[in-house]
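Here's a protein model to talk through. Let's ask what stands behind some of the words used for it.

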Amino acid sequence: MKRILKTTLIATAMALCLSSPLMAAEVASVGEARQEAARHLATLVNDAAFNHALQGQLHKNQATLADVLRDYEPKDVTRGEAAKEELRDLDRQAIRYRGLDGAVLSLLDLHISGTGGQPLANTRGVWTATIVSNPVTHQKELVAYDDRGTEHRYPADAAPGVPMLVVESTSAAAVSAGMRIMNESLRRGGLQSEAPRPKSRIGALGAPQEDVSVLTDIYLTDDREPDTAGDAEVFAIISGVNPEGKPEIVNVDMPWLDHDKRWYKPGQDFITWRNFGANYVNVQLFEDDGDFNYKELTKAVVSAVGDVSLLVSPGAPYALISAGLAKIANTIIDVMPGSWFENSTDYIDSFYMLERGSHYTRDNPKVGARGWATIGLTPRVIAGPQPKAYVDKSTGTEKPGKSNL
């Protein structure tokens, strides 16, 4: 009996020794996956081979973790391969928690902070970090590890002035994939009438007229993203009623909008009016902080907005349309800080009752309800045989619209 027990214990210990390096500990959220990745990376920063792999992948002080791990060739193969597999497993878990299974091959990214924008010469002695939500205060904070693995915590906007590798989960590819998932789910849930057509190109002469509002200018006073966390990832939710008078919601990715306190001139086709029956929509801007699940977020929106008893005739009086659109917009905001993700998507601003054909300029802009975003819009008629008149909201006069032909 003793021999059997001893043999069993030895076999169990060997199994644990063999299996534990191949898979990271199970985490409960995207934030935990990033934090565990930062902790693991702290054991690699003094490795010259890791520094070489990182330097080869850095572009504008950013790199994809999967690419760095692919190039990392440690001298201690056993230890190095175990660390690589642990990090890869954390990447896989992060993908799952963001609802991006099958949509992206990797999610976790690294960016350099604390160098004043200058390139990082060497990783030796560099700290590793990520932004998480404090479970008690629910405020963002920076969790950092020095090169000895000691943990440090700071307010997100009060990071120490030391070079750091910051782990993120908001790559442009991930947000783009998330927007596709959300729009597809909204269509399946009956809250989006049709898939968006290719931008600004409808077809040949004689094709039906297409009205769009182009986002010409935008300025954010606050993008809700700490400087330590790097670039912001902003997206818009446009809501209104479709031609049948039912709720209509479209998500728009804005990958170029990565910093506040500067003007951008994107020229992006922003509102496609064929999706909407009434001549008004609401637009809400959010910053994706990398912690929410796209699939779960869309389920929450579909469920909440689907429960809104709403049927507004596109020709209804302004007050009735305004009340209906406000109900939809407020419902979207209400579901955003859901308990199913750790650090809620950050709400930036809202633009209420934007009218078809409205024209705003940088000199005479439309300011959001919170005052945190300012935009310029211009109408465009695509594939229409004749230019269309629109109301210039900056002057109150009638002007001819643009044709793309």
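Q: How many helices and strands does the protein have?

A: This is a predicted model, and the protein comes out with eight helices and 18 strands.

Q: What makes strand 9 "mostly covered"?

A: A residue counts as buried when its relative accessible area is under 20%. In strand 9, residues 247–254, eight of eight residues are buried, so they fall under that cut-off. For the protein, buried residues make up 52% of the 405 residues.

Q: Which residues of strand 9 lie on each side?

A: P247, I249, N251 and D253 sit on one side, with E248, V250, V252 and M254 on the other. Both faces are covered.

Q: How do you know that strand 8 and strand 9 pair?

A: Pairing takes at least two bridges. Strand 8 (residues 234–241) and strand 9 are joined by eight bridges, so they pair, and they run antiparallel. Among the bridge partners, V234 goes with M254 and I237 with N251. Five residues lie between the strands of this hairpin, and G245 takes a positive phi near 85° there.

Q: Why is one side of strand 9 left without a neighbour in the sheet?

A: Four strands make an open antiparallel sheet in the order 9-8-12-13. Strand 9 and strand 13 (346–355) are at the edges with a single partner strand each, so each has one side without a neighbour in the sheet. From one strand to the next, the twist averages 20°.

Q: Which helix lies across strand 9?

A: Helix 8 (residues 318–335) does, lying also across strand 8, strand 12 (280–287) and strand 13; the helix runs at about 20° to strand 12.

Methods
Residues numbered from 1 in each chain as written. Predicted model: local features only at pLDDT ≥ 70, side-chain atom pairs only at ≥ 80, totals over all residues. Heavy atoms only, no water. Buried < 20%, exposed > 50% of the residue type's maximum accessible area, 1.4 Å probe, protein only. Helix = DSSP H or I, 4+ residues; strand = E, 2+ residues; numbered from the N terminus. Axes fitted to C-alpha atoms, helices over the stretch in contact; angles between N-to-C directions. Contact = heavy atoms within 4.5 Å.
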